[in-house]
Protein chains: 2
Amino acid sequence: MANVLTSKEEDYSQWYNDLVDEAGLAEHSAVRGCMVIKPYGYSIWEKMQGALDKMFKDTGHSNAYFPLFIPKSFLAKEASHVEGFAKECAVVTHYRLKDSDEGIIVDPDARLEEELIVRPTSETIIWNTYRGWIQSYRDLPVLVNQWANVVRWEMRTRLFLRTAEFLWQEGHTAHATRDEAVKEAEQMLEVYADFAENWMAMPVLKGIKTPNERFAGALETYCIEALMQDGKALQAGTSHFLGQNFAKAFDVKFTDREGKLDHVWATSWGVSTRLMGALIMAHGDDNGLVVPPRLAPLQVVIVPIYKKAEEIGAISEAVEKIMEALKSKGISVKYDDSDKQRPGFKFAEYELKGIPVRIAIGPRDLEKGTVEIARRDTREKMTVSMEETPAKVAALLEEIQQNIYKKAKDFRDANTRPADSYDEFKQLLEEKGGFIMAHWDGTAETEQRIKEETKATIRCIPLNNPKEKGKCILTGKPSEQRVIFAKAY
Amino acid sequence: MANVLTSKEEDYSQWYNDLVDEAGLAEHSAVRGCMVIKPYGYSIWEKMQGALDKMFKDTGHSNAYFPLFIPKSFLAKEASHVEGFAKECAVVTHYRLKDSDEGIIVDPDARLEEELIVRPTSETIIWNTYRGWIQSYRDLPVLVNQWANVVRWEMRTRLFLRTAEFLWQEGHTAHATRDEAVKEAEQMLEVYADFAENWMAMPVLKGIKTPNERFAGALETYCIEALMQDGKALQAGTSHFLGQNFAKAFDVKFTDREGKLDHVWATSWGVSTRLMGALIMAHGDDNGLVVPPRLAPLQVVIVPIYKKAEEIGAISEAVEKIMEALKSKGISVKYDDSDKQRPGFKFAEYELKGIPVRIAIGPRDLEKGTVEIARRDTREKMTVSMEETPAKVAALLEEIQQNIYKKAKDFRDANTRPADSYDEFKQLLEEKGGFIMAHWDGTAETEQRIKEETKATIRCIPLNNPKEKGKCILTGKPSEQRVIFAKAY
Ligand SMILES: [Zn+2]
Ligand SMILES: [Zn+2]
């Protein structure tokens with residue numbers, strides 16, 4: 001069977017596009033920059049949402065919903081915030097269409113007094129709302145999350161990785177003290193890292209961004225950074241300590257236990273459908289997607305192999321027992337006995353979709369009381385007795401989850417290298433990619449020049465970074481620690 | 001304790017607004033027509049979503065996600081559709097802001113070539129997408145649902161009932177035959193009725209809309225209609241048979257088993273955050289919301305009653321055992337031992353929020369080994385031994401679910417009346433409200449005149465409506481059946 005995907009080796013970017021298309025994950029829509037998330041892609045996103053939502057609730061957060069639109073004047077209230085988002089806004093200016101000689105046109109009489117921005121992020125509208133919710137320390141903390149769509153106009157788009165509209169969650173919390181807000185931002189970074197590693201099977205570096213790379217309006221941006229198989233980094237989640245910036249911009253004050261009035265402290269944190277891109281690039285291979293069992297909407301597929309129609313009855317009977325046993329273990333399983341496609345086609349299709357375990361059963365298996373099990377990650381096949389199948393599959397799902405994490409971790413570790421001179425740095429970037437640990441003099445100018453000359457950015461300064469005296473690779477000025485550079489998505 | 005709500009009797013509309021506010025369900029935002037759904041309100045919506053989503057999946061549907069924006073030309077492709085939505089559209093015309101002497105302005109150089117409409121509903125963008133998904137009968141049916149926000153510009157808004165932006169789900173299915181599409185539309189009406197009655201405890205009439213009241217672009221609109229406590233009707237869900245209208249507008253054809261090319265048959269169906277308004281008005285009373293146990297994010301709250309701090313320890317110990325037993329039965333329970341508020345305040349607060357069961361425990365209860373249980377629906381209190389409490393609460397939750405359904409059903413039945421003359425009709429409308437069963441001559445003109453003269457609309461022609469010869473209340477012309485009139489939200 002011919003491979004439907006361009007190989008990663010040959011053209012990584014085309015491989016990604018092919019995979020997203022062939023596995024039925026997403027497609028471009030007729031609206032520039034906006035994607036359609038197809039049913040299979042969306043079902044994986046739902047699993048991600050479910051896991052994250054539970055983690056948010058377990059850490060005390062509730063969901064709420066805030067308006068899609070933000071008055072233009074709100075966006076302008078926090079100076080660095082509007083700076084960061086003004087250049088990529090969808091702007092609503094009218095509220096009616098009408099008939100005309102040239103067909104349906106925008107009704108010039110229905111112009112809004114103040115233009116509305118389709119939210120690129122919701123700090124402003126939310127902090128304007130919090131002013132009504134918070135008067136006293138008794139009202140704090142406010143621990144709210146929102147699942148929503150947001151729009152940041154993009155001319156050059158890639159499915160999941162960079163789209164004008166995307167889906168995300170944005171947490172927005174309000175606290176009585178600076179210390180509590182910082183702890184919240186750090187806690188949510190841990191939640192994201194936990195999700196990335198234990199659900200997505202994707203190892204991540206935890207760190208803080210340089211001032212240059214901070215969220216527009218944040219005092220500190222925490223992030224998790226993952227390494228993709230082409231050696232480029234992908235920022236998989238961010239958590240921001242916002243200080244009192246938004247409370248000041250929207251005049252949100254509270255009376256503390258001593259009766260003193262102060263502005264409230266804030267955090268915000270988010271992950272998006274970008275994680276779908278990360279999942280694809282962290283584990284996918286030339287045969288398609290590899291979905292970690294814990295996030296797989298479908299964990300096991302069973303395909304009957306038969307030539308004569310009369311063979312299917314006995315196979316289906318045996319399958320039924322296996323299905324029941326698997327379901328009772330909480331494993332999701334589908335029996336694909338459709339006669340529209342041949343087994344070879346089905347095998348390729350389920351590999352494309354990254355279903356962790358495939359079971360095949362034919363007449364000879366029935367005779368021997370066995371099935372053939374194939375694992376998606378290594379594509380190994382094994383013959384197992386029907387009796388042992390449920391236990392074997394359960395163990396295998398766990399093993400696959402661990403194995404793809406280990407594989408990604410080994411890759412990441414093998415592709416994290418120190419560079420001690422600018423030449424070495426550039427050579428590594430050129431020839432190997434990956435994370436490069438290098439000394440930096442701590443200035444925005446140096447960071448900017450390295451970016452311009454090499455396209456590499458500082459991905460993060462790792463948390464608990466070991467101190468190590470050295471010299472900046474560009475300027476030779478003294479440095480206290482290495483930071484992580486990479487080219488990035 | 002003074003009542004915080006205006007009484008229903010005194011001013012129903014104000015009662016509703018007070019309840020939405022005081023129970024922490026939603027509030028108006030700074031953006032005209034857009035609401036903020038507050039954490040408690042959103043948690044009920046999440047329960048609704050969870051139940052509906054499972055019902056959709058159990059009937060074979062998958063979720064997907066389509067763009068927020070619709071090109072203006074798409075909306076114009078189906079004539080009656082654009083007619084229905086053009087007058088209430090949010091229109092995006094620009095994609096950038098910029099700095100100027102007057103502050104941040106819309107950048108006139110960043111005008112879109114074609115304006116984008118914020119989706120009021122997604123038939124057009126979805127059917128444009130389906131063209132790429134459907135070639136053959138093998139690709140059918142397509143059974144897709146989307147959870148999304150939509151915008152229909154509204155000047156006069158009421159929280160949950162009528163807002164410019166609201167949350168909803170919209171199912172969009174594609175079928176090979178007319179018959180299959182009709183069956184799908186009918187099936188989804190049954191799903192909605194099942195949800196309304198068995199989850200929301202809200203009895204509904206199932207029927208079809210008159211041509212006048214159909215969805216813009218539908219050949220048939222099925223609906224469920226509920227009766228609110230003020231005698232006004234509320235449309236709680238609709239399911240549309242769209243014929244081949246959208247397939248023709250977007251050129252979606254398929255090859256059938258015989259190789260013949262035909263346009264695809266369509267349905268769409270939706271319910272929205274409007275259901276929150278229905279829930280409030282179906283069961284709420286002068287003390288606040290009454291949440292059906294099956295939709296209650298919190299089913300049981302336990303409040304300790306004590307005077308001296310040293311009493312709390314023993315109470316909490318007893319509570320812990322009860323909590324564990326309740327949780328093991330799958331009942332959600334919270335122990336509110338906060339010392340910020342007194343018990344009376346907590347009682348009122350949980351009544352406002354409609355928590356189905358409240359348990360109070362004080363030192364005297366401890367001595368006697370009992371607790372006091374209060375049910376929200378009837379506000380009855382009973383003393384129950386601690387041992388029996390878990391079983392009693394489980395039974396009570398079931399009983400409350402049944403009881404509020406019965407109460408709403410009795411009210412609906414008592415307020416469904418025949419009218420045999422126009423005078424009787426107008427008198428009933430004026431003095432009693434409710435559903436009025438009356439003969440109608442079947443013309444749009446009569447329907448329109450009755451609406452203008454009385455504000456009553458035909459809510460539906462019930463499914464399986466008994467045939468009964470009679471005379472139209474307005475024109476005296478012959479009629480074959482009674483239809484259901486009411487004033488409506
Ligand atoms: Zn201030
Ligand atoms: Zn056509």
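Modeller: Two strands pair if DSSP finds at least two bridges between them, and strands (E, at least two residues) and helices (H or I, at least four) are DSSP runs numbered from the N terminus. This is a predicted model, where local features need pLDDT of at least 70 and side-chain atom pairs pLDDT 80 or more, while totals for chains, interfaces and linings use all residues; side-chain values use heavy atoms, without hydrogens or water. Residues are numbered from 1 along each chain as its sequence is written, chains are lettered from A and ligands numbered from 1 in the order in which they are written.

Colleague: What makes strands β17 and β19 of chain B a pair?

Modeller: Five bridges join β17 (residues 300–304) to β19 (residues 357–361), and the two run parallel. Pairing asks for at least two bridges, so the five found here qualify. In one of them, B:V300 has B:V357 as its bridge partner.

Colleague: Which sheet of chain B includes those strands, and why do β18 and β21 stand at its edges?

Modeller: The open sheet has five strands in the order β18-β17-β19-β20-β21, with mixed pairing. In chain B, β18 (333–335) and β21 (381–385) each have a single partner strand, so one side of each has no neighbour in the sheet. From one strand to the next, the twist averages 25 degrees (axes are lines fitted to C-alpha atoms, for helices over the stretch in contact; angles run from 0 to 180 degrees between N-to-C directions).

Colleague: Which helices of chain B lie across these strands?

Modeller: Helix α9 (residues 312–328) of chain B lies across β17, β18, β19 and β20, at about 170 degrees to β18(B). Helix α10 (residues 343–352) of chain B lies across β17, β18 and β19, at about 170 degrees to β17(B).

Colleague: Which other sheet is formed, and in what strand order?

Modeller: Six strands form an open antiparallel sheet in the order β4(A)-β8(A)-β5(A)-β5(B)-β8(B)-β4(B). Here the twist averages 45 degrees from one strand to the next. Three bridges join β4(B) to β8 (residues 111–118) of chain B, and B:I70 has B:I117 as its bridge partner in β8(B).

Colleague: Why is A:D53 called buried?

Modeller: Its relative accessible area is 15%, and buried means under 20% (exposed is over 50%, partly exposed in between; 1.4 Å probe, protein chains only), so A:D53 counts as buried. A:D53 is found in helix α2 (residues 39–58) of chain A. Leaving aside residues up to four places away in sequence, A:D53 touches A:N63, A:W147 and B:E46 (heavy atoms within 4.5 Å).

Colleague: How do you know that the side chains of A:D53 and A:N63 make a polar contact?

Modeller: A polar contact is a pair of N or O atoms within 3.5 Å; within protein, one must be able to donate a hydrogen and the other to accept it, and residues adjacent in sequence count only if both atoms are side-chain atoms. The side chains of A:D53 and A:N63 are joined at 2.8 Å, so the distance is within the limit. The side chain of A:D53 also makes a polar contact of 2.7 Å with that of A:K57.

Colleague: What makes B:D251 and B:H263 count as donors to the zinc ion (ligand 2)?

Modeller: B:D251 (OD) and B:H263 (NE2) coordinate the zinc ion at 2.2 to 2.4 Å. Donors are N, O and S atoms within 2.8 Å of the metal (3.2 Å for Na, K and Ca), so both fit; water is not among the atoms, and sites may look incomplete.

Colleague: Is B:H263 buried or exposed?

Modeller: B:H263 is buried, because 18% is under 20%. At 43%, B:D251 is partly exposed.
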